[in-house]
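Got the viewer open? Let's take a short walk through this structure, one selection at a time.

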Amino acid sequence: MRDILRRYKPDTVEELTALNALYRPGPMAMIDDFVERKWGRRKVEFLLPELEGILKDSLGVIVYQEQVMRIAQVLASFSLGEADLLRRAMGKKDQKAMAKMRDRFMDGAAKLGHPKTPLEELFEQMAKFSEYGFNKSHSAAYALVAYQTAYLKTHYPVEFMAALLTSETSKPDSVVKYIAECREINIAVEPPDVQVSGAQFTPHTVGDRKAVRFGLAAVKNVGGNAIESILKARNEVGGRFKSLGSSVKRLICA
């Protein structure tokens, strides 16, 4: 996906939405064509003139389930209900239902005077796409969240990784994985410390650089009551324990 983004160089959320919808088995076969069409190295073509109004924004490539439904509606006079049944049959790979829908599509298109050969090719494209096709609203939601998290990780990497680790606190394998990722991008993860650690992973300044401080909730066998006692006792002494003895005494009293 990173390679595709570098090649396509998306400028808008709409373009991210399209790439997200294409990046799955079936539609993935069209990605190279999609990239080449954006940069004018391959001509944007439509099997039938009526497809331009449906596929123009996606450079002539079927990207979304809604486009499949619209094609069936415009080229073969499907009702919206029939178009949704077509989408469903394609998505479920229901061969019996698909055979009926194919006959319905070809008959409806013939009545409107469309040539048979491009319609057969178009139906096969629709069927191949729809096995793994996305609806646009679903893809847009994914794309927006991906853009937001990529922005945060790029511009606020320490805060982002601290939040990510916190969200995975209950999954030790994930915590290990994301600590390794922190190291790969040169973010230090400082060990848990009763003097400064909170329950969650937090951004922490070490000298002149930021690091992530390990959260106490991610320490094995340290429960919520123990953490609450530590934070309460630390707050009562002004933020730091002065000695091991004073910390133990405070914790026992807490």
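Before the first stop, a bit of vocabulary: two strands count as paired if DSSP finds at least two bridges between them. Keep in mind, too, that this is a predicted model.

**Stop one: the sheet.** Select Thr 202 and look across to strand 3, where Arg 213 stands opposite. A little further along, His 204 stands opposite Ala 211 of strand 3. How many bridges join strand 2 to strand 3? There are five, and the two strands run antiparallel.

Now show residues 209–213, which make up strand 3, and turn to strand 1. Strand 1 and strand 3 run parallel, with two bridges joining them. To spot one of these contacts, pick Val 189: its bridge partner in strand 3 is Val 212.

Put the three strands together and you have an open sheet in the order 1-3-2, with mixed pairing. Which strands are at the edges? Strand 1 (189–190) and strand 2 (202–206), since each pairs on one side only. In general, strands of a sheet pair through backbone hydrogen bonds, either parallel or antiparallel.

**Stop two: the hairpin and its neighbour.** Zoom in on Gly 207. This glycine takes a positive phi near 65° in the hairpin of strand 2 and strand 3, which has two residues between the strands. Then add residues 157–167, which are helix 10. Helix 10 lies across strand 2 and strand 3, and runs at about 0° to strand 3.

**Stop three: helix 2.** Select residues 13–22. Eight of these 10 residues are buried, so helix 2 is largely enclosed by the rest of the structure. Among the buried ones are Leu 16, Leu 19 and Leu 22, along with Glu 15 and Asn 20. What do the buried residues pack against? Colour helix 1 (2–8), helix 3 (31–38) and helix 9 (136–155) to see their partners.

**Stop four: helix 6.** Go to residues 80–91 and check the distance between the end C-alpha atoms. At 1.5 Å a residue, the 12 residues of helix 6 should span 16 Å, and the ends are 16 Å apart, which agrees.

Next, highlight Ala 83, Leu 86, Ala 89 and Met 90, the buried residues of helix 6. They cover an arc of only 120° around the axis, so they sit on the same side of helix 6. The general rule behind such patterns is that an α-helix has 3.6 residues a turn, so residues three or four places apart point the same way.

Finish just past the end, at Lys 93: this residue follows helix 6 and has a positive phi, near 55°.

Conventions: Residues are numbered from 1 along each chain as its sequence is written. This is a predicted model: local features need pLDDT of at least 70, side-chain atom pairs count only at pLDDT 80 or more; totals for chains, interfaces and linings use all residues. Side-chain values use heavy atoms; hydrogens and water are left out. Helices (H or I, at least four residues) and strands (E, at least two) are DSSP runs, numbered from the N terminus. The expected span of a helix is 1.5 Å times one less than its number of residues. Buried means under 20% relative accessible area, exposed over 50%, partly exposed in between (1.4 Å probe, protein chains only). The arc is that of the directions from the helix axis to the C-beta atoms. Contact means heavy atoms within 4.5 Å. Axes are lines fitted to C-alpha atoms, for helices over the stretch in contact, and angles run from 0 to 180 degrees between N-to-C directions.
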